[in-house]
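This report describes a chain through its annotated positions and its disulfides. The sequence and the structure come next, and the account then begins from a single cysteine.

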Amino acid sequence: MKLKQRVVLLAILLVIFIFTKVFLIDNLDTSAANREDQRAFQRMLASLQVELEPRLEHTLQSPWEIAAQWVVPREVYPEETPELGAVMHAMTTKKIIKADVGYKGTQLKALLILEGGQKVVFKPKRYARDYIVEGEPYAGYDRHNAEVAAFHLDRILGFRRAPLVVGRFVNLRTEIKPVATEQLLGTFMTVGNNTCFYGKCYYCRETEPACADGDIMEGSVTLWLPDVWPLQKHRHPWGRTYREGKLARWEYDESYCDAVKKTSPYDSGPRLLDIIDTAIFDYLIGNADRHHYESFQDDEGASMLILLDNAKSFGNPALDERSILAPLYQCCIIRVSTWNRLNYLKNGVLKSALKTAMLHDPISPVLSDPHLDALEQRLLSILATVKQCTDQFGPDVVLVEDRMTLSHL
């Protein structure tokens with residue numbers, strides 16, 4: 001064989017060797033990543049039940065200090081949280097030292113300061129568990145139990161982007177009124193034998209107060225994020241117009257996602273994949289009201305989309321609002337880790353996991369069975385949507401590897 005032929009043959013063999021090595025390494029990495037996803041799923045299942053008890057591992061720190069240290073750009077709490085039960089116990093039992101009207105918004109809420117200086121947002125009960133909210137998917141009052149259920153679903157999906165939420169019963173006469181600001185106190189009234197308040201918000205009306213059962217009001221409390229992490233509000237690219245007869249561009253433009261991909265912060269970084277994760281989360285809980293979203297300030301698209309204000313959820317178990325999934329079926333991409341987690345939750349695992357996670361909440365049962373059954377059906381719809389995408393574009397295009405190392409230094 002001539003020297004030139006030998007050189008060409010060696011070059012071909014070298015190229016084959018390099019491609020084979022790269023292929024094997026890629027497959028090895030993917031396999032290792034999938035195994036880690038499965039291990040993470042098993043760890044989540046093992047830590048699902050959160051027993052609310054005051055014991056802390058770090059006795060030199062308050063529960064508020066521990067929770068504040070959990071927050072980093074890509075998660076609100078870490079995967080392993082042995083102190084979670086203690087933090088949530090404090091949220092539901094610590095003395096209320098101040099009560100005020102809620103921060104600006106459309107729905108009734110109160111801002112409470114708990115012993116130790118921790119802020120929480122209190123959302124009152126407005127509906128019985130089996131009440132069906134008719135009309136548009138974003139209709140009705142906020143649902144306090146939806147906030148609780150959404151937090152635990154965030155844990156189950158492995159997103160860890162929702163602030164901590166727990167149910168709480170408060171005595172409006174003895175716990176709230178003595179420490180209420182004049183602004184909040186001025187909205188209190190008595191209806192029959194029940195103490196009520198209507199607060200201050202865009203839709204708050206004296207004619208539509210939230211009423212306790214006597215003096216005892218059921219609600220949810222959401223842990224305020226640390227002030228060292230200021231929030232930045234963004235308009236959701238798939239937000240609704242909320243005007244009859246006027247469609248948003250995504251509702252009629254099939255190529256809308258292509259335009260979004262060219263716009264900051266969706267043209268690079270994790271934000272678009274966060275939007276798609278959130279669409280999956282919102283579809284499962286039936287939340288069609290995410291017209292805006294929050295991230296941490298000055299993040300240049302690197303921090304997570306924070307799953308705040310999930311109370312317009314679990315209103316009607318019979319209503320599956322497919323348009324919530326528009327980011328998924330229009331962009332046809334999804335994180336591999338999200339895809340893996342959704343598949344692990346098939347065959348009744350999701351319903352069972354959520355029931356287990358919420359078992360020890362003070363307001364348990366948090367959801368009625370029809371809502372839990374609806375989650376199962378919606379999960380199947382999500383999986384079918386991704387399958388349609390992979391059939392059309394192939395799994396290499398649809399399933400996107402996006403694993404960011406998360407640190408808690």
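Cys257 has a relative accessibility of 2% and therefore counts as buried, where buried means under 20% relative accessible area, exposed over 50%, and partly exposed in between (1.4 Å probe, protein chains only). The model is a predicted one, in which local features need pLDDT of at least 70 and side-chain atom pairs count only at pLDDT 80 or more, whereas totals for chains, interfaces and linings use all residues. Residues are numbered from 1 along each chain as its sequence is written, and side-chain values use heavy atoms, with hydrogens and water left out.

**Disulfides**

Cys257 forms a disulfide with Cys331, the sulfur atoms being 1.9 Å apart; a disulfide is here a pair of cysteine sulfur atoms within 2.5 Å. Because Cys257 lies in helix α7 (residues 256–260) and Cys331 in helix α9, this pair ties together parts that are 74 residues apart in sequence. Helices (H or I, at least four residues) and strands (E, at least two) are DSSP runs, numbered from the N terminus. Cys331, at 7% relative accessibility, also counts as buried.

A search of the whole structure finds 4 disulfides, and three of them are listed here.

| Disulfide | S to S distance | Torsion about S-S |
|---|---|---|
| Cys196 – Cys211 | 2.0 Å | 105°, right-handed |
| Cys201 – Cys204 | 2.0 Å | about 105°, right-handed |
| Cys257 – Cys331 | 1.9 Å | about 105°, right-handed |

A disulfide joins Cys196 to Cys211, and since Cys196 lies in strand β6 (residues 194–197) and Cys211 in strand β7 (residues 210–211), the pair ties together parts that are 15 residues apart in sequence. The two ends of this link have separate burial classes: Cys196 is buried at 0% relative accessibility, while Cys211 is partly exposed at 33%. In the link of Cys201 and Cys204, Cys201 is buried at 18% relative accessibility, and Cys204 is buried with a relative accessible area of 14%. When the bonded cysteines of the chain are numbered in sequence order, the pairing reads 1-4, 2-3, 5-6, 7-8.

**Annotated positions**

The UniProt record, an unreviewed entry, places the feature "binding site" at Asp142 and Asp309; such positions are given in the numbering used here, feature names are shortened, and annotations may be inferred rather than shown by experiment. Although these positions are spread over 168 residues of sequence, they cluster in space, with a largest C-alpha distance of 9.1 Å.

Asp142 lies in the loop between β3 (118–124) and α4 (144–157) and is buried at 11% relative accessibility. Leaving aside residues up to four places away in sequence, Asp142 touches Gln107, Lys123, Arg126, Ala311 and Lys312, a contact meaning heavy atoms within 4.5 Å.

Asp309 lies in the loop between β10 (292–296) and α9 (326–331) and is partly exposed, with a relative accessible area of 40%. With residues up to four places away in sequence again not counted, Asp309 touches Tyr103, Lys123, Glu147, Asn287 and Arg290. Lys123 thus appears in the contact lists of Asp142 and Asp309.

**The chain as a whole**

The chain has 13 helices and 12 strands, and of its 409 residues 51% count as buried. Among contacts between residues at least 6 apart in sequence, 73% join residues at least 24 apart.
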